[in-house]
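Hello,

Here is the structure I promised to pass on to you. Have a look at it first, and then read on for what turned up.

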Amino acid sequence: MGRHKYGIAAALLALFVLAWLWPEGETPPAGTLTANEPTGAEAPASSAEEEAPATEDESSAEPETSAAPETTPAATPTPTSDVPESPSSAPAAEPASNAYDGPLGTRNHTGDDSVALTFDDGPSPEWTPKVLDMLRERGIKATFCVIGAYAEAYPELVADIAREGHTLCNHSWYHEFDLGTWSEDEIRANLQRTNDAILKAAPGAEIAYFRHPGGQWTDRAIAVAAELGMESLHWAVDPSDWDNETTEKQIKDHVLDKTGPGAIILLHDGASNQKDMCGALESILDEFEQRGYTYSGL
């Protein structure tokens, strides 16, 4: 009985010593795996979470960077598309002042900002003096494309045209529409006969131009005129003032609507319908003055 008591006491003493010596409160060493620490498989998740803000920043920055390149190309096509247009239009304007694009290369503009009034099918004893008066009052020089037969019949009017400083133009002997289809010799004879009548009326006058009747140009007529020292003269504005069906208002409106800087305007001091032409001419000249146009006698 006594031994049994001593054994129990020894066992209790041993348990007490063990409980006192066990290091339960110590912190585990660093690097030791615990239930609260991520495993190596979770470590990338941790690094991904750490990089997440950077990724968000980059994604938020990407629209700006990508916006910048998008803006740049957006701006680039504009100049790129402008570049081809510029060469196609600008150079076209430059030669236009030095080259003519009338039928078969005939002259159809003045070559500068001035406008040119041209009067065909005269001289007329009734209407040419009225046209000359209007031009004189305004100090305007014009070009008169005269018919040889009329120059021969009314030489004093041709002399007046030359004396007042206007330009003379050969308009064939008797307004032969098919002149350009004739042989070279026949064309030459017609034009030379017309020139002779003009020069007889106005000795020493320069006949710088030829205008084919009806504008029915041919290379042959242009070549013969050039041999005789005359440039072939077409027009840019034609109000059909020779037609009795064309009213004064129609003549005026057409000329004012179609005329711009450099235009050569076709009018008639001969043929027919000159009353409406002269009525329109006053209004046309008034409007041209308002526009500030200057005139070329070519």
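Let's start with disulfides: how many does a search of the whole structure find? The search comes back with zero. Bear in mind that this is a predicted model. Cys145 is a good residue to look at here, because its sulfur is 3.1 Å from the closest cysteine sulfur, the one in Cys169, and that is too far for a bond. The cut-off for a disulfide is 2.5 Å between the two sulfur atoms. Is Cys145 buried or exposed? Cys145 is buried, with a relative accessible area of 0%. Another cysteine, Cys278, is buried too, with a value of 9%.

Next, the nonpolar cores. The largest one has 49 residues, and the members that touch the most others are Leu117, Phe119, Phe144 and Phe288. Helix H10 (residues 274-291) gives this core its largest share, seven residues. There is also a second, separate core of nine residues, which includes Cys145, Ala208, Leu233 and Trp235.

Try clicking on Phe144 to see its surroundings. Setting aside residues up to four places away in sequence, Phe144 touches a long list of others, among them Phe119, Leu132, Ile161, His166 and Cys169. Asp269 is also one of the residues that Phe144 touches.

Now find Val158, which sits in helix H6 (residues 155-163). Val158 is buried, and its relative accessible area is 0%. Which residues does Val158 contact, leaving aside neighbours within four places in sequence? They are Pro123, Ala151, Leu168, Ile198, Ala201 and Ala202. You can also compare positions along the chain with positions in space: Val158 and Gly122 are 36 residues apart along the chain, while their C-alpha atoms are separated by 9.0 Å.

Last comes the empty space. Rolling a probe the size of a water molecule over the atoms shows where such space is left. The largest pocket has a volume of about 160 Å³. It is lined by 14 residues, of which His175, Gly214, Trp242, Leu266 and His268 are the closest to its centre. Strand S1 (116-122) and strand S6 (264-268) each supply at least two residues of this lining. What kinds of residues make up the lining of the largest pocket? They divide into five nonpolar, five polar and four charged.

Enjoy exploring, and write back with any questions.

Best wishes

Definitions and conventions. Residues are numbered from 1 along each chain as its sequence is written. This is a predicted model: local features need pLDDT of at least 70, side-chain atom pairs count only at pLDDT 80 or more; totals for chains, interfaces and linings use all residues. Side-chain values use heavy atoms; hydrogens and water are left out. Helices (H or I, at least four residues) and strands (E, at least two) are DSSP runs, numbered from the N terminus. Buried means under 20% relative accessible area, exposed over 50%, partly exposed in between (1.4 Å probe, protein chains only). Contact means heavy atoms within 4.5 Å. A nonpolar core is a set of buried Ala, Val, Leu, Ile, Met, Phe, Trp, Tyr and Cys residues joined through side-chain atoms within 4.5 Å. On a 1 Å grid over the protein atoms alone, a cavity is a set of points where a 1.4 Å probe fits but cannot get out, and a pocket is an open set with protein on both sides within 12 Å along at least five of seven lines; lining residues have an atom within 4 Å of a point. Grid points are joined across faces, edges and corners, and a volume is the space filled by probe spheres set on the points. Ala, Val, Leu, Ile, Met, Phe, Trp, Tyr, Cys and Pro count as nonpolar, Asp, Glu, Lys and Arg as charged, and the others, Gly among them, as polar.
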